[in-house]
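This report describes the charged contacts and the surface of one protein chain. Please keep the sequence and the model in view while reading.

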Amino acid sequence: MGLTGKANCMKISEVSERTGLSISTIRFYEKSGLCPFIKRGTDGKRTFSKSDADWLELLASLRATGMPMAKMRAFANLYACGDDTIQERKAALLVHGQSLEDRQAELDRCHTILNRKLQRYDDMMKDQK
């Protein structure tokens, strides 16, 4: 976490472009305690390392896949505690992954129903000709 040298420094706009997160979302995540390890330069501006950007990319992915903010905070707290929490973090991601698999199965089911209805409309339109 954090900076390891000047060569690794990225501005918030660069991290925003890389992760797809808006600058305001990055600031919100930081204020929410999801990434308290982000450093600031002598000018007071945030400076991001590659690992900071990777972490934000993971957060964006978790949020995009429906992880509630409370669970994201719990995961971030485990992350901040270091390698002693790897097993707990893995367990949290496995639970989230199972939730995604369940949602995907439901989406697939709904997609099948939609396709059947579209086919029915196509058949009905052919009958009208």
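Which residues form a nonpolar patch on the surface, and with about how much accessible area together? The patch consists of Leu114, Leu118, Tyr121, Met124 and Met125, and together these residues have about 480 Å² of accessible area. Patches are built from residues with over 30% relative accessible area and no salt bridge, where like charges are joined within 9 Å and nonpolar side chains (Val, Leu, Ile, Met, Phe, Trp, Tyr) within 5 Å. Accessible areas follow the Shrake-Rupley method with a 1.4 Å probe, and for residues only the protein chains shown count as cover.

The model is predicted: local features need pLDDT of at least 70 and side-chain atom pairs count only at pLDDT 80 or more, while totals for chains, interfaces and linings use all residues. Residues are numbered from 1 along each chain as its sequence is written, and side-chain values use heavy atoms, with hydrogens and water left out.

One member of the patch, leucine 114, is placed in helix H5 (residues 86–128). Helices (H or I, at least four residues) and strands (E, at least two) are DSSP runs numbered from the N terminus. Leucine 114 is partly exposed, at a relative accessible area of 46%; buried means under 20%, exposed over 50%, and partly exposed in between (1.4 Å probe, protein chains only).

The charged contacts come next. A salt bridge is a side-chain nitrogen of Lys or Arg within 4 Å of a carboxyl oxygen of Asp or Glu, and the count by this rule is 5 salt bridges. Three of them are listed here.

| Salt bridge | N to O distance |
|---|---|
| Aspartate 54 and arginine 18 | 2.4 Å |
| Glutamate 30 and arginine 40 | 3.7 Å |
| Arginine 46 and glutamate 30 | 2.4 Å |

In the salt bridge between aspartate 54 and arginine 18, distant parts of the chain are linked, with aspartate 54 in helix H3 (residues 50–64) and arginine 18 in helix H1 (residues 12–19), 36 residues apart. Aspartate 54 is partly exposed at 29% relative accessibility, and arginine 18 is partly exposed at 33%.

Glutamate 30 meets arginine 40 in a salt bridge. Glutamate 30 belongs to helix H2 (residues 23–31) and arginine 40 to strand S1 (residues 39–40), so this pair ties together parts 10 residues apart in sequence. Glutamate 30 is buried at 15% relative accessibility, whereas arginine 40 is partly exposed at 44%.

Glutamate 30 also pairs with arginine 46, which lies in strand S2 (residues 46–47), 16 residues away. Arginine 46 is buried, with a relative accessible area of 15%. Elsewhere, salt bridges with shared partners join Arg18, Lys50 and Asp54 into one network.
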